[in-house]
Amino acid sequence: MNEDKQKQLEDSILAANIPQMVLVAISYALDLRSSDIHIEPEQHYVRIRYRVDGVLRKIVEYPTNLHPAVVSRIKIMSNLKIDEQRLPQDGRADVTTKDGRAMDLRVSTLPTVNGEKIVMRIQDKSRKIPDLQELGITGVSLKNLEAALKSPNGIIINTGPTGSGKTTTLYSCLTKLNTIEVNILTIEDPVEIQLDGLNQSQVHHDIDYDFASGMRTALRQDPNIIMVGEIRDKETANTAIEASLTGHLVFSTLHTNSAVESITRLVNMGVEPYLLNSTIELIIAQRLVRRVCQKCKKPAQTSPELLELVKRAMGRLKVEGEIDAALLQGMQFYEAVGCAECGNVGYVGRVGLYEVFRMNNELRRLIGSSANILDIEEAALKNGMVTLEQAGIIKALQGMTTLDEVYRVARKSD
């Protein structure tokens, strides 16, 4: 089927059928589970690449003389100015493919020396939100997260780089809490997936409707649960803390490298440690790794240096029963090979790695006395926190991913 779409795309390029070319490119991207389409003008040709499972993959090239028509077609679809080619533009389009799949496209144009580059972010409207276990949260991390979701008030923060699945995890938490008895409000930029039962509001920076003002308005809407897309400044952080202290459960995201670093990030923003102690319930740090293809994976030969690194990381794991002892003894990892099933890539789909930091009195005492990150992390590990590196090694030992993938996204422990 994918070969058919590739051929259709190549045929529409040869026939210079621009509307069909754009629609097939979008439909093909959906079939490959792509998150973004990149249309990039080079000096002598234009290439189309798809981001599949977090990695860019080249799909096709077309002649530069077709590019102005392609750009105009996409601009018309997303209500952008066709005659403005010197400034970047952002827009969105609702598209339904020939096979009846509806999706939301976020379109961004950027002037380059060779012409306008276009990136289309795909939101498949038919996609269901996975539950927490399907996302990859297991063991003590799942137990701590589920306990925090039962809290009547407090702040739950999710941290990680762009595209690491933070929003999906938060949507999964909100779906679990979404009952007729509670009022859930979200302030997002943009609203990525529309969910029934949630009151979702999109910020507009050009008219000064930002996260902080959205949060203040949300508090006047009689909410039980509030999700604010991102804590970017002291004002938003303080409003989230105020909401938590007045009996609301607040969800948000931050950009930090680990769960513990979120504490210092908030302190650096100007939030008082005693306020963090009384409001933070849980901090999640997450990354996405590619799932190794189960059809063609094979046992890998692991170097002694890497095995030593793995043993050192797992030696810090304080949780009993988090991994089968036999797997830990065997230390058997796998590598990606590539077959027809996975498009010769060796990977199909992605799974999350989660580091879940649950607040307790010992951690509150350390944060209140402005202890350094290393002391707080050590106390969190004693409290049963599993680091991103350990979570990745466990997934690799279970044959879900490879060590290469784990260390592509997780820091090696000292």
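# A quick tour, starting at Ala336

Ala336 has a relative accessibility of 28%, so it counts as partly exposed. You'll find Ala336 in the loop that runs between strand E14 (334-335) and strand E15 (347-358). One thing to know before going on: this is a predicted model. The bullets below start with the whole chain and then go down to single residues.

**The whole chain**

- The protein chain has 16 helices and 15 strands.
- Its radius of gyration is 23 Å, close to the 22 Å that the globule rule gives for 414 residues, so the chain is as compact as a globular protein of that length.
- If you drew a box around the C-alpha atoms along the principal axes, that box would be roughly 70 × 60 × 40 Å.
- How much of the chain is buried? Buried residues account for 52% of the 414.
- Take the contacts between residues at least 6 apart in sequence: 65% of them join residues at least 24 apart.

**Back to Ala336**

- Follow the sequence from Ala336 to Gln294 and you cover 42 residues, yet their C-alpha atoms are 9.1 Å apart in space.
- Setting aside neighbours within four places in sequence, Ala336 has contacts with Val292, Val345, Gly346, Tyr347 and Thr402.

**Cysteines without a bond**

- How many disulfides does the structure hold? The count is 0.
- As a reminder, a disulfide is a covalent bond between the sulfur atoms of two cysteines.
- Why does Cys296 have no such bond? The closest cysteine sulfur, in Cys339, is 3.6 Å from the sulfur of Cys296, and that is too far for a bond, because a disulfide needs the two sulfur atoms within 2.5 Å.
- Seen from the other side, Cys339 is in no disulfide either, and its nearest cysteine sulfur is the one in Cys296, 3.6 Å away.
- Buried or exposed? Cys296 has 12% relative accessibility, so it counts as buried, and Cys339 is buried as well, with a relative accessible area of 18%.

**Salt bridges**

- The model has 26 salt bridges; three pairs and one network are picked out here.
- Glu61 and Lys58 make a salt bridge through their side chains, 2.4 Å from N to O. Glu61 is partly exposed, with a relative accessible area of 36%, and Lys58 is partly exposed too, at 47% relative accessibility.
- Asp94 pairs with Arg92 in a salt bridge whose closest N and O atoms are 3.7 Å apart. Asp94 counts as exposed, at 51% relative accessibility, while Arg92 counts as partly exposed, at 38%.
- Arg232 and Glu230 have side chains that meet in a salt bridge, with 3.1 Å from N to O. Here Arg232 is partly exposed at 41% relative accessibility, whereas Glu230 is buried, with a relative accessible area of 16%.
- Salt bridges can also link up: Glu40, Glu42, Arg47, Arg49 and Lys117 form a network of them.

**Glu389, a buried charge**

- Glu389 sits in helix H15 (residues 388-397).
- Which side chain of opposite charge is nearest to Glu389? That is Arg316, 5.3 Å away, and Glu389 is buried yet has no salt bridge.
- Glu389 does have a polar contact with Tyr407, where the two side chains are joined at 2.7 Å.
- Leaving out residues up to four places away in sequence, Glu389 touches Leu309, Ala313, Val406, Tyr407, Ala410, Arg411, Lys412 and Ser413.

**Two more helices**

- Glu261 is in helix H9 (residues 261-268). Its relative accessibility is 18%, so Glu261 counts as buried.
- Which residues does Glu261 touch, not counting those up to four places away in sequence? They are Thr256, Ile373 and Arg411.
- Now for helix H7 (residues 211-219): Phe211, Ala212, Ser213, Gly214, Met215 and Ala218 are buried there.
- What covers the buried residues of H7? The cover includes strand E8 (184-188), strand E10 (225-228), helix H8 (234-245) and strand E11 (249-254).
- A handy bit of background on such elements: an α-helix has 3.6 residues a turn, so residues three or four places apart point the same way.

Technical notes
Residues numbered from 1 in each chain as written. Predicted model: local features only at pLDDT ≥ 70, side-chain atom pairs only at ≥ 80, totals over all residues. Heavy atoms only, no water. Buried < 20%, exposed > 50% of the residue type's maximum accessible area, 1.4 Å probe, protein only. Salt bridge = Lys/Arg side-chain N within 4 Å of Asp/Glu carboxyl O. Helix = DSSP H or I, 4+ residues; strand = E, 2+ residues; numbered from the N terminus. Lys, Arg positive; Asp, Glu negative; His and termini not counted. Polar contact = N/O pair within 3.5 Å; in protein donor to acceptor, adjacent residues only side chain to side chain. Contact = heavy atoms within 4.5 Å. Rg over C-alpha atoms; globule rule 2.2 N^0.38 Å.
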